[in-house]
Amino acid sequence: MEVWIILGVLVLLAIIIVANAVKVVPQSETRVIERLGRFHSVLPPGLNIIWPFIDKPKVVYTRRIEHAGNGRVYVRVSTTSVIDLREQVYDFPSQQVITKDNVTTEINALLYFQIVDPKKSVYEIDNLPNAIEKLTQTSLRNVIGEMELDETLTSRDTINAKLQAILDDATNKWGVKVNRVELQDITPPESVREAMEKQMQAERNRRAEILNAEGEKKSLILRSEGEKQSQINQAEAAKQSEILRAEGEAKAKILQAEAEAEAVRRVSEAVAASNTNPASYMLAMKYIETLGKMVDGKDGKTVYIPYEATGVLGSLGSVKDLFAK
């Protein structure tokens, strides 16, 4: 009976020893092993054998986000011997920061980082999650404090880049690589938001008025240009019409003058052939034509006697002699 008890105790001790000696490390994880209180090694992924009760994994802090039923988010800090080598995300709660123009604003940020040196992350800093959180908060206050509110709202990429550079430089000695920082929400006070909304509404109204004014201006310009072109076209048409009318009248006068010249030439030839004075003949014809116009449309009771009656009669005599011949 005693033999079985001793054998059972030995088997139990063997199981305990094997359980403490064999460490299976999953991929993307590691453990820092201390031997008698001093750093010994960093366990790689896979099966590892350590000295039980002599080699012990180093206990580190870890940070977890827990969501409550009422929609609130809680940060839980616990201890573990597992060091996660994957990229991790820290969601920091909203904090109040003061901008350069003395506006208190609530900002929360996301931090993406990765442990690249497990030994430094354990021995160079006591509580790595808490150190990263406090460093991020203070750095965020410093960066926002150098910028005005309007610049803060429109320069998220600039803020992210500055924070990443500051945090990466500070956490390098802790064996941590900060990959990026993202600002989630920037919430100004209610009074500032109302003022900003009024300002944006006023800006929209101003832009609308400017667009309307520009539209009316262009419309007036186009209308005036159209009227101007119309007047130019009308003036050009009137000009062409006057030119054509003048050309027609000129041609008509030229043709009339040529006809009269031809008539005079023929009459002169005829008068010259009859030994009659051409001037007297032409004068007589003009008198006769004028008298015809004077009595045209009259009642026939009025008698017109030319002032130079003798000359007229002499001319008529010349005409008579011409036709008599």
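Two rings of Phe, Tyr or Trp count as a pair if their centres lie within 6.5 Å. With that in mind, let us walk through the aromatic side chains of this predicted model, which holds three aromatic pairs.

A good place to start is the pair formed by Phe39 and Tyr123. Their ring centres are 5.9 Å apart and their planes meet at 85°, an edge-to-face arrangement. If you trace the chain, you will find Phe39 in strand S3, residues 38-43, and Tyr123 in helix H2, residues 118-123. The two partners are 84 residues apart, so this contact links distant parts of the chain. How exposed are these two residues? Phe39 has a relative accessibility of 32% and therefore counts as partly exposed. Tyr123 is partly exposed as well, with a relative accessible area of 34%.

Now turn to Tyr90 and Phe92. Their ring centres lie 6.2 Å apart with the planes at 85°, so this pair is edge-to-face. Are these residues buried or exposed? Both Tyr90 and Phe92 are buried, which means that each has under 20% relative accessible area. Tyr90 and Phe92 also belong to one aromatic cluster, together with Phe113.

Finally, look for the charged side chains that sit over rings. Arg63 lies over the face of Tyr90, 4.7 Å from the ring centre. Tyr90 is thus a handy residue to display: it is a member of the cluster with Phe92 and Phe113, and its face is covered by Arg63. Another arginine, Arg180, lies over the face of Tyr112, at 4.1 Å from the ring centre.

Conventions. Residues numbered from 1 in each chain as written. Predicted model: local features only at pLDDT ≥ 70, side-chain atom pairs only at ≥ 80, totals over all residues. Heavy atoms only, no water. Phe/Tyr/Trp six-rings, centres within 6.5 Å; stacked < 30°, edge-to-face > 60°. Helix = DSSP H or I, 4+ residues; strand = E, 2+ residues; numbered from the N terminus. Buried < 20%, exposed > 50% of the residue type's maximum accessible area, 1.4 Å probe, protein only. Lys NZ or Arg CZ within 6 Å of the ring centre and 35° of its normal.
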